[in-house]
Amino acid sequence: MIELTDVVRQYRIGGEEVRALDGVSLRIESGQFVSVVGPSGAGKSTLLHILGALDSPDSGSVRFQGQEIANLGDDAQSQFRRHSVGFVFQFFNLLPTMSAWENVAIPQLLDGRRLRQVKPKALELLEKVGLGNRADHRPSELSGGQMQRVAVARALMMDPPLILADEPTGNLDSKTGAAILELLAAIAHQDGDRAIVMVTHSDAAAAVTDRVLTLTDGRLGADRLLVAEELSA
Ligand code: ADP
């Protein structure tokens with residue numbers, strides 16, 4: 001579904017050049033829950049930003065469902081983001097004055113739809129993430145785990161083939177985090193037509209994904225398929 005070939009992203013800080021990504025090539029298939037691990041500064045966020053067209057590589061190719069997205073113009077880039085990618089963040093990024101279902105509905109409002117039209121789908125998604133009974137609650141009336149469930153439902157609102165999650169359990173206790181990981185895994189595996197890529201510092205979080213990519217100094221090191229390990233164990 002996504003194929004990166006020789007992706008380089010570099011920054012110049014002072015007189016010095018830093019290669020945040022230094023020739024990364026990889027393929028991600030739908031139906032996979034993939035984690036990206038590595039020390040701080042390894043290039044994990046940069047990789048996530050490039051996968052989500054929030055940033056463009058200096059060289060190399062990024063093909064998404066066969067289409068080159070590495071150097072789209074601003075408009076095409078934001079169209080791509082809006083329709084093809086759902087984002088889940090560490091700090092949830094919910095709008096505090098809106099209810100849970102309104103937060104879920106927001107991506108469709110950007111497409112010119114009205115709240116009333118999209119409410120049924122927002123409610124359906126809240127039901128799917130186990131929050132059907134919290135639809136009218138504001139974020140301040142929800143626990144951290146519930147807020148992250150709202151954010152996951154919002155990421156699904158446009159039915160995107162790719163979900164990118166940046167430390168989605170980083171602000172949750174381990175039990176709540178485990179439940180969110182279970183939800184993400186279920187979403188990735190459900191229809192097999194969606195991939196989830198998650199950046200995490202947590203080995204425990206990475207261990208429940210299907211595949212663990214390790215980045216070090218902008219280079220891809222180990223690429224472990226955990227599902228295969230389980231099958232051969
Ligand atoms: P990680 O997410 O693994 O901590 P990042 O992708 O954030 O790593 O950063 C990789 C490297 O690129 C780091 O050395 C960082 O300092 C550098 N970097 C990232 N973003 C920028 C930027 N906007 N300007 C300059 N340097 C950056």
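Let's start with the six-stranded sheet: it is open, mixes its pairing, and runs in the order E6-E7-E8-E3-E9-E10. Keep in mind that this is a predicted model. There is also an open sheet of four strands, ordered E2-E1-E4-E5, with antiparallel pairing. A ligand is here too, and the protein buries 62% of the 560 Å² that the ligand exposes when taken alone.

**The six-stranded sheet**

- The strands follow the order E6-E7-E8-E3-E9-E10, and the edges belong to strand E6 (85–88) and strand E10 (219–225).
- Each of these two has a single partner strand, so one side of each is left without a neighbour in the sheet.
- Going from one strand to the next, the twist averages 20 degrees.
- E3 and E9 run parallel to each other and are paired over four bridges.
- E9 (residues 211–216) and E10 pair too, but in the antiparallel sense, over five bridges.
- Val 212 is a handy residue to look up: its bridge partner in E10 is Arg 224, and Val 212 in E9 is also the bridge partner of Ser 35.

**The E9–E10 hairpin**

- E9 and E10 make a hairpin with two residues between the strands.
- Thr 216 stands opposite Arg 219 in E10.
- Asp 217 in this hairpin takes a positive phi near 45 degrees.

**Helices on the six-stranded sheet**

- Helix H5 (residues 144–156) lies across E6 and strand E7 (162–166).
- The direction of H5 makes about 170 degrees with E6.
- Helix H6 (residues 174–190) lies across three strands: E3 (33–37), E7 and E8 (195–199).
- H6 runs at about 130 degrees to E3.
- E7 turns up in both lists, since H5 lies across it and H6 does as well.

**The four-stranded sheet**

- This open sheet has the order E2-E1-E4-E5, and its edge strands are E2 (16–28) and E5 (67–68), each pairing on one side only.
- Helix H1 (residues 44–51) packs on this sheet and touches E1, E2 and strand E4 (59–64).
- The direction of H1 makes about 125 degrees with that of E1.
- E1 (residues 2–13) and E2 run antiparallel and are joined by 10 bridges.
- To see the two strands face each other, find Ile 2, which stands opposite Ile 28 in E2.
- A general point for looking at any of these strands: in a regular strand, side chains alternate between the two faces of the sheet.

**The ligand and its surroundings**

- Which residues are around the ligand? They are Tyr 11, Ile 13, Val 18, Ala 20, Pro 39, Ser 40, Gly 41, Ala 42, Gly 43, Lys 44, Ser 45 and Thr 46.
- By type, the shell divides into six nonpolar residues, five polar ones and one charged one.
- Two or more shell residues come from each of E1, E2 and H1.
- H1 provides the largest share of the shell, with three residues.
- An oxygen atom of the ligand is 2.6 Å from an N or O atom in the Ser 45 side chain.
- For the side chain of Lys 44, an N or O atom is 2.8 Å from an oxygen atom of the ligand.
- Gly 43 joins in through its backbone, where a polar atom is 3.0 Å from an oxygen atom of the ligand.

Methods: Residues numbered from 1 in each chain as written. Predicted model: local features only at pLDDT ≥ 70, side-chain atom pairs only at ≥ 80, totals over all residues. Heavy atoms only, no water. Pairing = 2+ DSSP bridges. Contact = heavy atoms within 4.5 Å. Axes fitted to C-alpha atoms, helices over the stretch in contact; angles between N-to-C directions. Near = heavy atom within 4 Å. Polar contact = N/O pair within 3.5 Å; in protein donor to acceptor, adjacent residues only side chain to side chain. Areas by Shrake-Rupley, 256 points an atom, 1.4 Å probe, with all protein chains shown as cover. Nonpolar A, V, L, I, M, F, W, Y, C, P; charged D, E, K, R; others polar.
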